[in-house]
Amino acid sequence: MGYVFNQERSVAVNLTRLLTEQVEGALRALEKPGASQEEAIHSVRKQVKKIRALFRLVRSELNKKTFRRENAHYRSIGHRLSRLRAER
């Protein structure tokens, strides 16, 4: 499903809400009973990709420093997860 922005709210409010949803989704994937570690890593990596896509979507509304910092942060998480996946 695509992102739904509430036009009555600011970009910051929408971004916070959507990021919270994505992070909570990643946490649920890690806590899912019966899921293998490979499945959990895969699910979290997908959530991280969605988070980075969200930042790219609102990039023009963010200052460059904020975008670069957040993008680098989530890219780093994705790389670490990728290494975990490769070790399996």
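**Group meeting: a walk through a three-helix chain**

Let's begin at a small detail: at the start of helix H3, a side-chain oxygen of asparagine 63 comes to within 3.2 Å of the backbone nitrogen of lysine 65. Before I go on, please keep in mind that what we have here is a predicted model.

Okay, the overall picture. The chain contains three helices and zero strands, so to speak an α-α-α run when you read from the N terminus on. The C-alpha trace spans about 45 × 25 × 15 Å along its principal axes. There are 88 residues in the chain, and 27% of them are buried. If you take the contacts with a separation of 6 or more, 55% of those are between residues 24 or more positions apart.

Back to H3, since we started there. H3 covers residues 64-87, which is 24 residues. From first C-alpha to last, H3 reaches 34 Å, close to the 34 Å expected at 1.5 Å a residue. Which residues of H3 are buried? Those are Phe67, Glu70, Asn71, Tyr74, Gly78 and Leu81. And what covers them? The cover includes helix H1, residues 11-31, and helix H2, residues 37-57.

Now to H2. With 21 residues at 1.5 Å each step, H2 should span 30 Å, and its end C-alpha atoms are indeed 30 Å apart. Its buried residues are Ala40, Ile41, Val44, Arg45, Gln47, Val48, Ile51, Leu54 and Phe55. The cover over those buried residues includes H1 and H3.

How do H1 and H2 sit relative to each other? Their axes come within 8 Å and cross at roughly 170°. An angle over 145 degrees counts as roughly antiparallel, and H1 and H2 are therefore roughly antiparallel to each other. On the H1 side, the contact is made by Leu15, Leu18, Leu19, Gln22, Val23, Gly25, Ala26, Ala29 and Leu30. On the H2 side, you'll find Ala40, Ser43, Val44, Gln47, Lys50, Ile51, Leu54 and Phe55. Sorted by class, this contact of H1 with H2 has 12 nonpolar, four polar and one charged residues.

Let me pick one residue out of that contact, glutamine 47. Glutamine 47 lies in H2. Is glutamine 47 buried or exposed? Its relative accessibility is 14%, and the cut-off for buried is under 20%, so glutamine 47 counts as buried. Leaving aside neighbours within four places in sequence, glutamine 47 is in contact with Gln22, Gly25 and Ala26. Those three residues are also on the H1 list for the contact with H2.

One last residue, over in H1: asparagine 14. Asparagine 14 is buried, with a relative accessible area of 2%. What does the side chain of asparagine 14 reach? One partner is the backbone nitrogen of asparagine 6, at 2.9 Å. Another is the backbone oxygen of serine 10, at 3.0 Å. Not counting residues up to four places away in sequence, asparagine 14 touches Val4, Phe5, Asn6 and Arg9. So asparagine 6 turns up twice here, as a residue that asparagine 14 touches and as the owner of that backbone nitrogen.

If you want something to look for on screen, start with asparagine 63 and lysine 65 at the start of H3, then find glutamine 47 in H2, and finish with asparagine 14 in H1. That's it from me, thanks.

Technical notes. Residues are numbered from 1 along each chain as its sequence is written. This is a predicted model: local features need pLDDT of at least 70, side-chain atom pairs count only at pLDDT 80 or more; totals for chains, interfaces and linings use all residues. Side-chain values use heavy atoms; hydrogens and water are left out. Helices (H or I, at least four residues) and strands (E, at least two) are DSSP runs, numbered from the N terminus. The expected span of a helix is 1.5 Å times one less than its number of residues. Buried means under 20% relative accessible area, exposed over 50%, partly exposed in between (1.4 Å probe, protein chains only). Contact means heavy atoms within 4.5 Å. A polar contact is a pair of N or O atoms within 3.5 Å; within protein, one must be able to donate a hydrogen and the other to accept it, and residues adjacent in sequence count only if both atoms are side-chain atoms. Axes are lines fitted to C-alpha atoms, for helices over the stretch in contact, and angles run from 0 to 180 degrees between N-to-C directions. Angles under 35 degrees count as roughly parallel, over 145 as roughly antiparallel, 65 to 115 as roughly perpendicular and the rest as oblique. Ala, Val, Leu, Ile, Met, Phe, Trp, Tyr, Cys and Pro count as nonpolar, Asp, Glu, Lys and Arg as charged, and the others, Gly among them, as polar.
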